[in-house]
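Here are a few exercises to work through with the structure open beside you. Try each task before you read its solution.

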Amino acid sequence: MTILSPVRKKPTELGVKALDNNTLEITLSEAVPYLPKLLAHSSMSPVNQKVIEKFGEKWTQPANFVGNGAYVLKNWTVNERIELERSPTYWDNKNTVINKVTFLPISSEVTDVNRYRAGEIDMTYSNLPIEFFQKLKKEIPDELRISPYLCTYYYEINNEKAPFDDPRVREALKLSMDRDIITYKVKNQGDIPAYGFTPPFTDGIKESKPEWFASWTQEQRNEKARQLLEEAGYNKANPLKFKLLYNTSDLHKKSCDCGLFYLEEKT
């Protein structure tokens with residue numbers, strides 16, 4: 001299913017049209033059984049055409065923004081806070097319980113949890129610190145909410161530049177990454193090791209696990225990775241070197257450190 005194309009198409013060629021004020025018709029190039037569930041994502045929320053045409057790039061500013069939810073955007077201070085107020089025109093306003101909501105962009109998961117436990121905030125972000133998860137599970141189990149999350153954690157590489165323009169190097173990196181260690185030892189929050197981009201719980205999926213994931217041991221993967229790197233010209237005298245960037249998340253830092261450690265040790 002193609003949603004976006006580098007070639008700009010006419011609206012009539014996109015396979016999406018409004019039949020009337022309340023009906024949207026989407027024509028697909030192939031069957032996508034999970035499409036109805038995708039439509040529940042926030043990116044599919046309708047936006048106000050008149051507001052965008054009137055304010056252009058400034059349509060998201062608090063004074064101009066028109067949304068669909070139970071709250072209106074009152075204030076947005078970049079990298080400081082977002083403030084929402086209850087919308088009296090929301091269709092189900094009578095059942096809205098909270099009158100004001102404040103979002104704080106806290107970059108550190110540790111700080112986020114500490115502020116929650118100190119009573120400064122009412123809830124934390126979804127990414128809990130690795131070292132806190134099991135502790136919180138024991139100390140405040142009634143306050144720790146664990147929900148399924150359909151996503152895949154992966155590293156994006158630039159395969160147009162050396163060394164990753166060589167498929168042997170890409171495959172070696174894939175094989176030598178010890179998913180079990182990162183998943184069960186470092187993170188230990190209920191995730192499962194991944195072998196591909198699409199999560200195995202995706203509606204309508206038919207799994208076909210590759211041999212290296214289904215039946216090889218990690219040592220077999222490491223041995224194959226070393227072989228591939230040697231074929232590509234990398235060894236102890238000429239080790240593979242590359243830069244791996246990640247954001248300020250504590251979770252990402254620990255996962256990255258662990259992944260690179262095992263790559264260095266086993267290849």
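**Exercise 1: a charged residue inside**

D112 sits in helix α3, which spans residues 109-117; helices here are DSSP runs of H or I with at least four residues, strands are E runs of at least two, and both are numbered from the N terminus. A word on the basics: this is a predicted model, where local features need pLDDT of at least 70 and side-chain atom pairs count only at pLDDT 80 or more, while totals for chains, interfaces and linings use all residues. Residues are numbered from 1 along each chain as its sequence is written, and side-chain values use heavy atoms, with hydrogens and water left out.

Task: find which side chain of opposite charge is nearest to D112.

Solution. Start with the signs: Lys and Arg count as positive, Asp and Glu as negative, and His and the chain ends are not counted. The nearest candidate is R115, 6.9 Å away. Next, check for a salt bridge (a side-chain nitrogen of Lys or Arg within 4 Å of a carboxyl oxygen of Asp or Glu). D112 has none, even though it is buried (under 20% relative accessible area; exposed is over 50%, partly exposed in between, with a 1.4 Å probe and protein chains only). Finally, look at what D112 touches (heavy atoms within 4.5 Å): leaving out residues up to four places away in sequence, that's I106, I121, M123, T124 and Y125.

**Exercise 2: two packed helices**

Task: work out how α5 and α8 are oriented relative to each other.

Solution. First, locate them: α5 covers residues 167-176 and α8 covers 218-231. Their axes are 8 Å apart, at an angle of about 160°. The axes are lines fitted to C-alpha atoms over the stretch in contact, and angles run from 0 to 180 degrees between N-to-C directions. So the pair is roughly antiparallel (over 145 degrees; under 35 is roughly parallel, 65 to 115 roughly perpendicular, the rest oblique).

Now zoom in on R221, which belongs to α8. R221 is buried, at 8% relative accessibility. Beyond neighbours within four places in sequence, R221 contacts L175, W212, F213 and W216.

**Exercise 3: backbone oddities**

Task: say where N79 and P163 lie, and what is unusual there.

Solution. Keep the background in mind: most residues other than glycine have a negative phi, and most peptide bonds are trans. N79, in the loop between β3 and β4, has a positive phi of about 65°. N79 is also exposed, at 73%. P163 lies in the loop between α4 and α5, and the peptide bond leading from A162 to P163 is cis, with omega near 5°.
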